[in-house]
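Trainee: I should like to learn how to read a structure of this kind. May we go through it together?

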Amino acid sequence: MLPLPDAFRQLYGQPPRLFRAPGRVNLIGEHTDYNDGFVMPVAIDLACWVAIAPRDDRRLVVRSHNLQETVELDLDEAHPRPRKSWTDYVQGVAVVLQQSGRRLRGANVLIQSEVPIGSGLSSSAAIEVATGLALLNNSGEPMKKLDLARACQRAENEFVGARCGIMDQFAACFGQPGHALLLDCRSLESRPLPLPAEVALVICDSGVRHELAGGEYNTRRAQCESGVRVLARHRPQIHALRDATMGDLERDSKELDEVVYRRCRHVVTENARVLQAAEALEKRDLREFGRLMAESHRSLREDYEVSCAELDLLEELAGHSAGVYGARMTGGGFGGCTINLVEREQVEEFRRSVSVGYQQATGRLPKVYVCEAAAGAGETE
Ligand code: ADP
Ligand code: MG
């Protein structure tokens, strides 16, 4: 494809402004965001790019280069309804922004994303945040980035109909080069954590996405909520699993269903691991960080039961490869990716050995991305 601004000119005959928002990978803290807990995402150097220029009418004409599809939306539509299509991500953001009192201007839009779509690296938040930023700027309507992150989450929750937490949109907005973010999903306070230069972030995409992912996600959320109801009977200060300790869980273990108990144990221990991992990073203790990643993977596999054979295999293969500090599944589970912290000099050997092992066992090659921590969303030249 032509560079995006050239492709835009060819398509619409206007010069565009250009915006980007990155994908993300979560180093540790899985299934903690909707429990008011802690997560540690990194914005990656794969981004969604949005080129935009104003129109004189009240329409949004939006083309996705990735999907080779164009849609026309009416900004004044009285009752906008989701179409169960990629266009919901774009329209949802426009709808939520207008509901928040911003008057959006009509626009021609061309979208192109480097974030692999549907692999767990949050191409969805990237398209939402990049589009939101583009629409706001095109309309001369400023908005704080935190409000933009919240608006994009609302669009995904309410218009697209996916119950995601705030992590993805937050990382897409606030990523910092060379840093991970420690994010408190309750207060939305965050702290940048420097990533040691000698280690690379290597993402292995299993290439599978098991059907049950969506339904199981909702079941896990319901199980966490039912755990909180039991714990709060004795300790009303517990509003979310974020507020519970292992001591609380032990005390109420007889009243908790066995499965619910294990789900809660994952969340409570995972929150503690995120905080320990942040401390380890600040001390540049990559061994300790890797140990916590391994514990996280085990807990997700055994207690939360959201891993799968392919993710377990990738994690195990990483353990046999030289120069690996840590490896774990990342994202919701039932397929998607693993994140691996690998010594830079060993990255090519890692790629080779994991690819060979994965192909021998499954007949398919994993996609491997070597990523750098990147900045959050913004306008570019
Ligand atoms: P993930 O966020 O892990 O990539 P999701 O299922 O949450 O997976 O979001 C993927 C969806 O986001 C796609 O199915 C598509 O509807 C939309 N999407 C993401 N990027 C693009 C793009 N460049 N063009 C059109 N739609 C996109
Ligand atoms: Mg997503």
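Trainee: How many Å separate an oxygen atom of ligand 1 from an N or O atom in the side chain of S123?

Mentor: Please keep in mind that this is a predicted model. A polar contact is a pair of N or O atoms within 3.5 Å. Here the distance between the side-chain atom of S123 and an oxygen atom of ligand 1 is 2.6 Å. The protein covers 79% of the 560 Å² of accessible area that ligand 1 has on its own.

Trainee: Which residues come nearest to ligand 1?

Mentor: There are 17 residues around the ligand, and S64, G118, G120, S123 and S124 come nearest. For G118, a polar backbone atom lies 2.8 Å from an oxygen atom of ligand 1. N66 contributes a polar side-chain atom, 3.0 Å from a nitrogen atom of the ligand.

Trainee: Let us turn to the sheet. In what order do its three strands lie?

Mentor: The order is 2-7-8, in an open sheet with antiparallel pairing. Strand 2 (38-39) and strand 8 (190-194) each have a single partner strand, so one side of each is left without a neighbour in the sheet.

Trainee: How many bridges join strand 7 and strand 8?

Mentor: Five bridges join strand 8 to strand 7, which comprises residues 179-184. Within this pair, S190 of strand 8 stands opposite L183.

Trainee: Which strands does helix 5 touch?

Mentor: Helix 5 (residues 167-174) packs on the sheet and touches strand 2, strand 7 and strand 8. Its direction makes about 135 degrees with that of strand 7. Helix 8 (residues 258-282) also packs on the sheet, with its direction at about 45 degrees to that of strand 8.

Note on methods:
Residues are numbered from 1 along each chain as its sequence is written. Chains are lettered from A and ligands numbered from 1 in the order in which they are written. This is a predicted model: local features need pLDDT of at least 70, side-chain atom pairs count only at pLDDT 80 or more; totals for chains, interfaces and linings use all residues. Side-chain values use heavy atoms; hydrogens and water are left out. Two strands pair if DSSP finds at least two bridges between them. Helices (H or I, at least four residues) and strands (E, at least two) are DSSP runs, numbered from the N terminus. Contact means heavy atoms within 4.5 Å. Axes are lines fitted to C-alpha atoms, for helices over the stretch in contact, and angles run from 0 to 180 degrees between N-to-C directions. A residue is near a molecule or strand if one of its heavy atoms lies within 4 Å of it. A polar contact is a pair of N or O atoms within 3.5 Å; within protein, one must be able to donate a hydrogen and the other to accept it, and residues adjacent in sequence count only if both atoms are side-chain atoms. Accessible areas come from the Shrake-Rupley method with a 1.4 Å probe; for residues, only the protein chains shown count as cover.
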